[in-house]
Amino acid sequence: MEQIKNYDLEQLKQEMVKIGQKPFRAEQIFKWIYQERVSNFDDMTNLSIELREILKQKYTLNEYKIIKRQEAKDGTKKYLFDILDGNAIETVLMSYHHGNTICVTSQVGCKMGCKFCASTGIPFIRNLTSGEIVEQILAVERDAGVKISNVVFMGIGEPLDNYENVINAIRIINNQKGINIGARHISISTSGLVPQIYRLADENIQCTLSISLHATTNEKRTEMMPINKKYKIEELIKACKDYIAKTNRRVSFEYALAKENNDNLEDAKQLVKLLRGMNCHVNLIPINKIENGKYTKSSNQNIMKFRDYLNDHGIVATIRRELGSDIEAACGQLRRKNLY
Ligand code: SAH
(Lines give C-alpha, C1' and ligand atoms only; values in the text may rest on other atoms or scores of the structure.)
Protein backbone atom coordinates (compact mmCIF):
# COMPACT_ATOMS: atom_id res chain seq x y z
CA MET A 1 0.00 0.00 0.00
CA GLU A 2 1.28 3.43 -0.91
CA GLN A 3 1.43 6.30 1.55
CA ILE A 4 -0.96 8.86 0.05
CA LYS A 5 1.23 11.73 1.30
CA ASN A 6 3.88 10.66 -1.23
CA TYR A 7 1.93 12.23 -4.09
CA ASP A 8 1.99 15.87 -5.05
CA LEU A 9 -1.29 17.26 -6.36
CA GLU A 10 -0.62 16.47 -10.01
CA GLN A 11 0.41 12.91 -9.22
CA LEU A 12 -2.63 12.40 -7.03
CA LYS A 13 -4.86 13.60 -9.86
CA GLN A 14 -3.30 10.94 -12.07
CA GLU A 15 -3.85 8.35 -9.36
CA MET A 16 -7.53 9.29 -9.18
CA VAL A 17 -7.90 8.95 -12.94
CA LYS A 18 -6.21 5.53 -12.72
CA ILE A 19 -8.88 4.33 -10.32
CA GLY A 20 -11.69 5.72 -12.45
CA GLN A 21 -12.27 8.93 -10.49
CA LYS A 22 -12.42 12.56 -11.58
CA PRO A 23 -9.14 14.50 -11.05
CA PHE A 24 -10.83 17.04 -8.74
CA ARG A 25 -11.13 14.32 -6.10
CA ALA A 26 -7.41 14.80 -5.60
CA GLU A 27 -8.00 18.41 -4.62
CA GLN A 28 -10.62 17.35 -2.10
CA ILE A 29 -8.30 14.75 -0.62
CA PHE A 30 -5.44 17.25 -0.48
CA LYS A 31 -7.67 19.64 1.41
CA TRP A 32 -8.62 16.98 3.93
CA ILE A 33 -5.03 15.94 4.54
CA TYR A 34 -3.20 19.27 4.53
CA GLN A 35 -5.84 21.79 5.56
CA GLU A 36 -8.34 19.91 7.68
CA ARG A 37 -5.58 17.57 8.88
CA VAL A 38 -7.77 14.48 9.19
CA SER A 39 -6.01 11.27 10.13
CA ASN A 40 -8.25 8.75 8.41
CA PHE A 41 -10.14 8.36 5.17
CA ASP A 42 -13.51 7.97 6.95
CA ASP A 43 -13.36 11.63 7.94
CA MET A 44 -13.30 12.76 4.29
CA THR A 45 -17.02 13.26 4.36
CA ASN A 46 -17.51 14.85 0.95
CA LEU A 47 -16.24 11.66 -0.71
CA SER A 48 -18.65 8.79 -1.24
CA ILE A 49 -18.45 5.93 1.23
CA GLU A 50 -17.51 3.71 -1.69
CA LEU A 51 -14.55 5.91 -2.65
CA ARG A 52 -13.41 6.10 0.97
CA GLU A 53 -13.35 2.29 1.02
CA ILE A 54 -11.28 2.16 -2.16
CA LEU A 55 -8.83 4.69 -0.72
CA LYS A 56 -8.51 2.66 2.48
CA GLN A 57 -7.65 -0.44 0.50
CA LYS A 58 -5.10 1.24 -1.76
CA TYR A 59 -3.42 3.86 0.39
CA THR A 60 -2.25 4.55 3.91
CA LEU A 61 -2.47 7.78 5.82
CA ASN A 62 -0.07 6.79 8.58
CA GLU A 63 1.13 9.32 11.11
CA TYR A 64 4.43 9.30 12.97
CA LYS A 65 4.60 8.31 16.59
CA ILE A 66 6.67 10.49 18.88
CA ILE A 67 9.24 8.38 20.72
CA LYS A 68 10.83 11.28 22.50
CA ARG A 69 10.39 15.03 22.72
CA GLN A 70 13.04 17.23 24.29
CA GLU A 71 12.90 20.93 24.93
CA ALA A 72 15.96 23.13 25.14
CA LYS A 73 16.36 26.12 27.44
CA ASP A 74 15.79 28.42 24.47
CA GLY A 75 12.49 26.68 23.61
CA THR A 76 13.83 24.67 20.68
CA LYS A 77 12.14 21.28 20.50
CA LYS A 78 13.70 18.11 19.20
CA TYR A 79 11.52 15.18 18.17
CA LEU A 80 12.51 11.59 17.74
CA PHE A 81 9.95 10.04 15.41
CA ASP A 82 9.18 6.39 14.89
CA ILE A 83 8.91 6.29 11.11
CA LEU A 84 7.10 2.97 11.28
CA ASP A 85 9.74 0.68 9.74
CA GLY A 86 12.00 0.17 12.74
CA ASN A 87 13.97 3.35 12.11
CA ALA A 88 13.80 6.63 13.92
CA ILE A 89 14.73 10.12 12.76
CA GLU A 90 15.11 13.50 14.42
CA THR A 91 13.34 16.73 13.51
CA VAL A 92 13.81 20.12 15.16
CA LEU A 93 11.39 23.01 15.75
CA MET A 94 12.86 26.45 16.37
CA SER A 95 10.83 29.48 17.30
CA TYR A 96 12.06 32.90 16.30
CA HIS A 97 10.25 36.21 16.63
CA HIS A 98 9.45 36.06 12.91
CA GLY A 99 7.91 32.58 13.02
CA ASN A 100 8.48 28.89 13.50
CA THR A 101 11.16 27.08 11.55
CA ILE A 102 11.30 23.33 11.14
CA CYS A 103 14.55 21.55 10.35
CA VAL A 104 13.59 18.43 8.42
CA THR A 105 15.45 15.21 7.79
CA SER A 106 15.70 13.89 4.23
CA GLN A 107 17.45 10.53 4.67
CA VAL A 108 17.79 7.81 7.29
CA GLY A 109 21.51 8.35 7.84
CA CYS A 110 23.86 10.09 5.42
CA LYS A 111 26.51 9.00 2.91
CA MET A 112 28.55 12.19 2.84
CA GLY A 113 30.91 11.45 5.73
CA CYS A 114 31.61 15.05 6.77
CA LYS A 115 34.10 14.83 9.61
CA PHE A 116 32.38 17.37 11.84
CA CYS A 117 28.80 16.08 11.58
CA ALA A 118 27.11 13.51 13.83
CA SER A 119 24.62 12.47 11.14
CA THR A 120 27.29 10.46 9.36
CA GLY A 121 28.41 8.53 12.41
CA ILE A 122 26.16 5.56 11.64
CA PRO A 123 25.67 3.85 8.28
CA PHE A 124 23.22 5.12 5.70
CA ILE A 125 19.96 3.18 5.59
CA ARG A 126 17.65 4.69 2.97
CA ASN A 127 16.02 7.76 1.49
CA LEU A 128 12.87 9.17 3.04
CA THR A 129 9.85 9.27 0.75
CA SER A 130 8.14 12.59 0.02
CA GLY A 131 5.35 11.64 2.40
CA GLU A 132 7.86 10.88 5.14
CA ILE A 133 9.41 14.30 4.69
CA VAL A 134 6.05 16.08 4.69
CA GLU A 135 4.79 14.09 7.69
CA GLN A 136 7.51 15.68 9.84
CA ILE A 137 5.78 19.04 9.38
CA LEU A 138 2.32 17.63 10.07
CA ALA A 139 3.49 15.72 13.15
CA VAL A 140 5.32 18.70 14.66
CA GLU A 141 2.39 21.04 14.05
CA ARG A 142 0.04 18.51 15.62
CA ASP A 143 2.15 18.14 18.71
CA ALA A 144 3.38 21.69 19.26
CA GLY A 145 0.13 23.37 18.23
CA VAL A 146 1.96 25.90 16.09
CA LYS A 147 1.89 26.92 12.46
CA ILE A 148 5.21 26.40 10.76
CA SER A 149 6.31 29.26 8.55
CA ASN A 150 9.77 28.17 7.40
CA VAL A 151 11.22 24.84 6.35
CA VAL A 152 14.94 24.13 6.18
CA PHE A 153 16.30 20.88 4.75
CA MET A 154 19.12 20.81 7.27
CA GLY A 155 18.30 17.75 9.33
CA ILE A 156 19.82 14.32 8.81
CA GLY A 157 20.89 13.48 5.27
CA GLU A 158 21.93 15.13 2.04
CA PRO A 159 18.74 16.45 0.43
CA LEU A 160 20.19 16.57 -3.10
CA ASP A 161 21.15 12.90 -2.78
CA ASN A 162 17.40 12.21 -2.45
CA TYR A 163 16.56 14.63 -5.21
CA GLU A 164 13.17 13.49 -6.56
CA ASN A 165 11.57 12.91 -3.18
CA VAL A 166 12.82 16.22 -1.80
CA ILE A 167 11.55 18.17 -4.82
CA ASN A 168 8.24 16.36 -4.66
CA ALA A 169 7.94 17.12 -0.94
CA ILE A 170 8.63 20.78 -1.70
CA ARG A 171 5.81 20.78 -4.23
CA ILE A 172 3.43 19.48 -1.55
CA ILE A 173 4.71 21.92 1.08
CA ASN A 174 4.53 24.82 -1.35
CA ASN A 175 1.16 24.06 -2.98
CA GLN A 176 -1.60 26.47 -1.93
CA LYS A 177 -3.94 23.53 -1.59
CA GLY A 178 -1.26 21.64 0.31
CA ILE A 179 0.68 22.93 3.31
CA ASN A 180 0.94 26.31 1.63
CA ILE A 181 4.33 27.57 2.71
CA GLY A 182 5.90 29.99 0.20
CA ALA A 183 8.94 28.69 -1.69
CA ARG A 184 10.96 31.63 -0.43
CA HIS A 185 10.45 30.23 3.07
CA ILE A 186 11.97 26.90 2.12
CA SER A 187 15.75 26.32 2.14
CA ILE A 188 17.71 23.38 0.81
CA SER A 189 21.17 22.90 2.23
CA THR A 190 23.71 20.80 0.35
CA SER A 191 27.24 19.62 0.87
CA GLY A 192 27.72 20.44 -2.80
CA LEU A 193 26.37 17.87 -5.25
CA VAL A 194 27.22 19.81 -8.39
CA PRO A 195 25.04 18.04 -11.03
CA GLN A 196 21.98 18.38 -8.82
CA ILE A 197 22.64 22.10 -8.30
CA TYR A 198 22.44 22.56 -12.09
CA ARG A 199 19.27 20.51 -12.14
CA LEU A 200 17.71 22.49 -9.30
CA ALA A 201 18.37 25.74 -11.17
CA ASP A 202 16.03 24.50 -13.91
CA GLU A 203 13.17 23.46 -11.62
CA ASN A 204 11.60 26.88 -11.42
CA ILE A 205 11.10 26.69 -7.66
CA GLN A 206 11.95 29.87 -5.80
CA CYS A 207 13.46 28.16 -2.75
CA THR A 208 16.74 29.22 -1.16
CA LEU A 209 19.89 27.24 -1.86
CA SER A 210 22.43 26.97 0.96
CA ILE A 211 25.86 25.56 0.31
CA SER A 212 27.89 23.99 3.08
CA LEU A 213 31.25 25.43 2.11
CA HIS A 214 33.29 25.44 5.35
CA ALA A 215 36.70 25.86 3.72
CA THR A 216 38.31 27.85 0.94
CA THR A 217 41.03 25.49 -0.27
CA ASN A 218 40.46 22.07 -1.79
CA GLU A 219 42.99 20.56 0.58
CA LYS A 220 41.18 21.70 3.69
CA ARG A 221 37.69 21.13 2.33
CA THR A 222 38.51 17.58 1.27
CA GLU A 223 39.82 16.88 4.75
CA MET A 224 36.56 18.10 6.29
CA MET A 225 34.15 16.93 3.58
CA PRO A 226 35.06 13.88 1.46
CA ILE A 227 32.53 14.93 -1.22
CA ASN A 228 35.03 17.62 -2.19
CA LYS A 229 37.18 14.92 -3.79
CA LYS A 230 34.44 14.45 -6.33
CA TYR A 231 33.33 18.05 -6.79
CA LYS A 232 36.06 20.60 -6.26
CA ILE A 233 35.48 24.11 -4.91
CA GLU A 234 35.91 25.70 -8.36
CA GLU A 235 33.22 23.47 -9.88
CA LEU A 236 30.93 24.12 -6.94
CA ILE A 237 31.28 27.89 -7.21
CA LYS A 238 30.68 27.67 -10.97
CA ALA A 239 27.44 25.74 -10.37
CA CYS A 240 26.36 28.36 -7.80
CA LYS A 241 27.00 31.16 -10.29
CA ASP A 242 24.87 29.32 -12.82
CA TYR A 243 22.13 28.90 -10.18
CA ILE A 244 22.18 32.62 -9.37
CA ALA A 245 22.13 33.61 -13.04
CA LYS A 246 19.21 31.31 -13.85
CA THR A 247 17.07 31.88 -10.78
CA ASN A 248 17.99 35.42 -9.80
CA ARG A 249 18.11 34.17 -6.24
CA ARG A 250 20.77 34.87 -3.65
CA VAL A 251 22.76 31.82 -2.60
CA SER A 252 23.67 31.31 1.02
CA PHE A 253 27.05 29.85 2.04
CA GLU A 254 27.37 28.09 5.36
CA TYR A 255 30.74 28.23 7.02
CA ALA A 256 31.21 26.44 10.34
CA LEU A 257 34.10 27.95 12.23
CA ALA A 258 36.45 25.52 13.94
CA LYS A 259 39.27 26.70 16.12
CA GLU A 260 42.66 26.88 14.39
CA ASN A 261 41.26 25.07 11.39
CA ASN A 262 39.40 27.49 9.17
CA ASP A 263 38.88 30.52 11.37
CA ASN A 264 41.82 32.85 10.85
CA LEU A 265 41.89 36.04 8.84
CA GLU A 266 43.76 34.34 6.01
CA ASP A 267 40.69 32.09 5.54
CA ALA A 268 38.41 35.12 5.60
CA LYS A 269 40.58 36.74 2.94
CA GLN A 270 40.36 33.65 0.74
CA LEU A 271 36.62 33.54 1.23
CA VAL A 272 36.27 37.12 0.05
CA LYS A 273 38.29 36.26 -3.05
CA LEU A 274 36.20 33.20 -3.76
CA LEU A 275 32.81 34.88 -3.38
CA ARG A 276 33.59 38.35 -4.67
CA GLY A 277 30.89 39.70 -6.98
CA MET A 278 28.42 36.90 -6.29
CA ASN A 279 24.88 37.56 -5.13
CA CYS A 280 25.36 35.71 -1.87
CA HIS A 281 25.24 35.73 1.89
CA VAL A 282 27.54 33.97 4.33
CA ASN A 283 26.11 32.25 7.34
CA LEU A 284 28.79 31.71 9.96
CA ILE A 285 28.10 28.79 12.29
CA PRO A 286 30.05 28.37 15.52
CA ILE A 287 30.95 24.69 15.04
CA ASN A 288 29.26 22.32 17.46
CA LYS A 289 31.44 19.69 19.01
CA ILE A 290 30.33 16.14 18.34
CA GLU A 291 31.27 12.88 20.00
CA ASN A 292 34.77 11.85 18.92
CA GLY A 293 34.97 14.93 16.70
CA LYS A 294 38.32 16.67 16.37
CA TYR A 295 36.97 20.15 15.73
CA THR A 296 36.18 22.63 18.47
CA LYS A 297 34.37 25.93 18.41
CA SER A 298 36.20 29.15 17.59
CA SER A 299 36.16 31.84 20.24
CA ASN A 300 33.34 34.37 20.03
CA GLN A 301 35.90 37.06 19.48
CA ASN A 302 37.36 35.25 16.49
CA ILE A 303 33.92 34.58 15.03
CA MET A 304 33.04 38.27 15.25
CA LYS A 305 36.38 39.27 13.72
CA PHE A 306 35.76 36.86 10.86
CA ARG A 307 32.28 38.30 10.29
CA ASP A 308 33.52 41.88 10.43
CA TYR A 309 36.27 41.13 7.92
CA LEU A 310 33.74 39.72 5.46
CA ASN A 311 31.32 42.59 5.95
CA ASP A 312 34.09 45.17 5.58
CA HIS A 313 35.10 43.58 2.30
CA GLY A 314 31.73 43.52 0.61
CA ILE A 315 30.45 40.07 1.62
CA VAL A 316 27.28 40.08 3.70
CA ALA A 317 27.85 37.77 6.65
CA THR A 318 25.85 36.95 9.75
CA ILE A 319 26.43 34.62 12.67
CA ARG A 320 23.84 31.88 13.03
CA ARG A 321 22.17 31.79 16.42
CA GLU A 322 22.96 28.60 18.25
CA LEU A 323 19.70 26.98 19.21
CA GLY A 324 19.11 23.76 21.03
CA SER A 325 22.71 22.72 21.68
CA ASP A 326 21.90 21.62 25.25
CA ILE A 327 19.66 18.87 23.83
CA GLU A 328 21.92 18.09 20.86
CA ALA A 329 19.50 19.70 18.46
CA ALA A 330 21.97 22.15 16.94
CA CYS A 331 23.61 21.97 13.51
CA GLY A 332 25.43 18.73 12.96
CA GLN A 333 24.14 17.05 16.11
CA LEU A 334 21.21 15.06 14.72
CA ARG A 335 21.42 11.31 14.24
CA ARG A 336 19.22 8.51 13.15
CA LYS A 337 18.42 5.88 15.76
CA ASN A 338 17.56 2.20 15.71
CA LEU A 339 14.38 1.15 17.39
CA TYR A 340 15.28 -2.47 17.83
N1 SAH B 1 23.71 17.57 4.13
C2 SAH B 1 23.28 18.92 4.03
C3 SAH B 1 22.26 19.35 5.06
C4 SAH B 1 22.45 19.00 6.51
S5 SAH B 1 23.52 19.86 7.56
C6 SAH B 1 24.48 19.83 4.04
O7 SAH B 1 25.59 19.35 4.21
O8 SAH B 1 24.33 21.01 3.85
C9 SAH B 1 23.01 21.47 7.90
C10 SAH B 1 24.20 22.39 8.18
O11 SAH B 1 24.87 22.11 9.43
C12 SAH B 1 25.27 22.23 7.10
O13 SAH B 1 25.76 23.46 6.71
C14 SAH B 1 26.32 21.44 7.83
O15 SAH B 1 27.55 21.56 7.21
C16 SAH B 1 26.25 22.06 9.21
N17 SAH B 1 26.93 21.27 10.25
C18 SAH B 1 27.14 19.96 10.27
N19 SAH B 1 27.80 19.60 11.38
C20 SAH B 1 28.01 20.73 12.09
C21 SAH B 1 28.63 21.01 13.34
N22 SAH B 1 29.17 20.05 14.08
N23 SAH B 1 28.61 22.28 13.77
C24 SAH B 1 28.03 23.25 13.03
N25 SAH B 1 27.45 23.05 11.85
C26 SAH B 1 27.44 21.81 11.37
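**Exercise 1. Find the domains in this predicted model and describe how they meet.**

Start with the boundaries: the domain assignment splits the chain into domain 1, covering 2–60, and domain 2, covering 65–339. Next, take the C-alpha centre of each domain; the two centres sit 33 Å apart. Then go looking for contacts, with heavy atoms within 4.5 Å as the cut-off. You'll find 13 residues of domain 1 touching 16 residues of domain 2.

**Exercise 2. Work out which residues come nearest to the ligand, and how much of the ligand the protein buries.**

Step one is the shell. There are 19 residues around the ligand, and the nearest are Phe116, Ser189, Ser212, His214 and Asn288. Sort that shell by character and you get 8 nonpolar, 9 polar and 2 charged residues.

Step two is the polar atoms. Phe116 uses its backbone here: one of its N or O atoms is 2.8 Å from a ligand nitrogen. With Ser212, look at the side chain instead, where a polar atom lies 2.6 Å from a ligand oxygen. His214 also brings in its side chain, with an N or O atom 2.6 Å from an oxygen atom of the ligand.

Step three is the area. On its own, the ligand exposes 530 Å², and the protein buries 97% of that.

**Exercise 3. Count the disulfides, then check Cys207 and Cys331.**

Quick reminder: a disulfide is a covalent bond joining the sulfur atoms of two cysteines. The cut-off to apply is a pair of cysteine sulfurs within 2.5 Å. The count for this structure is 0.

Now try Cys207. The nearest cysteine sulfur belongs to Cys240 and is 13 Å away, and Cys207 is in no disulfide. Is Cys207 buried or exposed? Its relative accessible area is 1%, so Cys207 is buried.

Finish with Cys331. Here the nearest cysteine sulfur is that of Cys103, 7.2 Å away, and again there's no disulfide. Cys331 has a relative accessible area of 34%, so call it partly exposed.

Technical notes
Residues are numbered from 1 along each chain as its sequence is written. This is a predicted model: local features need pLDDT of at least 70, side-chain atom pairs count only at pLDDT 80 or more; totals for chains, interfaces and linings use all residues. Side-chain values use heavy atoms; hydrogens and water are left out. A residue is near a molecule or strand if one of its heavy atoms lies within 4 Å of it. A polar contact is a pair of N or O atoms within 3.5 Å; within protein, one must be able to donate a hydrogen and the other to accept it, and residues adjacent in sequence count only if both atoms are side-chain atoms. Accessible areas come from the Shrake-Rupley method with a 1.4 Å probe; for residues, only the protein chains shown count as cover. Ala, Val, Leu, Ile, Met, Phe, Trp, Tyr, Cys and Pro count as nonpolar, Asp, Glu, Lys and Arg as charged, and the others, Gly among them, as polar. Buried means under 20% relative accessible area, exposed over 50%, partly exposed in between (1.4 Å probe, protein chains only). Domain bounds come from an automatic or database domain assignment.
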